[in-house]
Amino acid sequence: MNLLQPFELLKPVHVERLIKLEKYFLVSQSYDRLPSIPGLERKNILLTDYSDPGLAKLHLNAVKNDAYASIIKLKREEHLSKLNEMLGGDKYRLFWNIVKDRGKLNALVRNHYKDKIRKFVEQHTNWPYSTGEPLHTTVQVIFGEIFINLKWRTKRLPVKFIDIENAA
């Protein structure tokens, strides 16, 4: 079971703020970091905001095989109406690709996943890392996927977080 779920639930007030900030493009994609709730068959969707339509298209292209991948254009009344329907309905749980406190998230990863990170480094790198040395980690989200950036001495390695979670 995935334990790390760093994103905020999207609320109507967030949509209003996005419009005021001229972030008119939302890329949607499936979000499977949370288990389904028995009795509530709601699909989890992750939304990433963009002010630049080109960046939104780039993100969409990266997730094009996802059945829920699309660009929601907040300037289009039919798109905004559908988004509000999704927010108010019981078919979807919408998450916004924003983290309230990156410092807390980085600390959580360092503290709760340090053994798995160490195992991953031992199994998947040729770094002569010893547990007495500092291994720096930071969390990054790329096209809706969580990555852990590992840094040891002069070496750097971005790793999909799911690979860290699954480290044996």
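Me: Which residues have the most contacts inside the largest nonpolar core, and how many residues does that core have?

Reply: In soluble globular proteins, nonpolar side chains tend to be buried together. In this predicted model, the largest nonpolar core has 24 residues. Val109, Ile117, Leu150, Phe161 and Ile164 have the most contacts inside it. Two or more residues each come from helix 4 (102-112), helix 5 (114-124), strand 7 (145-152) and helix 6 (161-165). Strand 7 gives the most, with four residues.

Me: What does Ile164 touch, leaving aside residues up to four places away in sequence?

Reply: With those sequence neighbours excluded, Ile164 is in contact with Tyr113, Lys116, Ile117, Phe120, Ile148 and Val159. There is also a second, separate core of 15 residues, and among its members are Leu47, Leu83, Met86 and Tyr92.

Me: In what order do strands 6, 7 and 8 form their sheet, and which are the edge strands?

Reply: The order is 6-7-8, in an open sheet with antiparallel pairing. Strand 6 (136-142) and strand 8 (155-160) are the edges, each pairing on one side only. From one strand to the next, the twist averages 25 degrees. Seven bridges link strand 6 and strand 7 in the antiparallel sense; Val139, for example, has Ile148 in strand 7 as its bridge partner.

Me: Which strands do helix 4 and helix 5 lie across?

Reply: Helix 4 lies across strand 6 and strand 7, and its direction is at about 120 degrees to strand 6. Helix 5 lies across strand 6, strand 7 and strand 8, at about 70 degrees to strand 7.

Me: How should the sheet of five strands be read, and what is its order?

Reply: This open sheet has the strand order 1-5-3-2-4, with mixed pairing. Strand 1 (8-9) and strand 4 (70-73) are its edge strands, each of which pairs on one side only. Strand 2 and strand 3 (residues 43-50) run antiparallel and are joined by six bridges. Within this pair, Val27 stands opposite Thr48 of strand 3. Helix 2 (residues 53-62) packs on the sheet and touches strand 2, strand 3 and strand 4. The direction of helix 2 makes about 10 degrees with that of strand 2.

Me: Is Ser30 buried or exposed?

Reply: Ser30 counts as buried because its relative accessibility is 19%, and the cut-off for buried is under 20%. Ser30 lies in strand 2 (residues 25-30). Not counting residues up to four places away in sequence, Ser30 touches Lys43, Asn44, Asp66 and Tyr68.

Me: At what angle do the axes of helix 1 and helix 3 cross?

Reply: Two packed helices are described by the angle between their axes and the distance between the axes. Here the axes of helix 1 (residues 12-20) and helix 3 (residues 77-88) come within 10 Å and cross at roughly 155 degrees. Helix 1 is therefore roughly antiparallel to helix 3, since angles over 145 degrees are counted that way. In the contact between them, Pro12, Val15 and Ile19 of helix 1 meet Leu80, Leu83 and Leu87 of helix 3.

Me: What pLDDT does the protein average, and which elements have the lowest and the highest mean?

Reply: Where pLDDT is low, the predicted coordinates should not be read in detail. The protein averages a pLDDT of 90, and 93% of the residues score at least 70. Among the elements, helix 4 has the lowest mean pLDDT (88), whereas strand 4 has the highest (98).

Technical notes: Residues are numbered from 1 along each chain as its sequence is written. This is a predicted model: local features need pLDDT of at least 70, side-chain atom pairs count only at pLDDT 80 or more; totals for chains, interfaces and linings use all residues. Side-chain values use heavy atoms; hydrogens and water are left out. A nonpolar core is a set of buried Ala, Val, Leu, Ile, Met, Phe, Trp, Tyr and Cys residues joined through side-chain atoms within 4.5 Å. Buried means under 20% relative accessible area, exposed over 50%, partly exposed in between (1.4 Å probe, protein chains only). Contact means heavy atoms within 4.5 Å. Two strands pair if DSSP finds at least two bridges between them. Axes are lines fitted to C-alpha atoms, for helices over the stretch in contact, and angles run from 0 to 180 degrees between N-to-C directions. pLDDT is the predictor's confidence in each residue, from 0 to 100. Angles under 35 degrees count as roughly parallel, over 145 as roughly antiparallel, 65 to 115 as roughly perpendicular and the rest as oblique.
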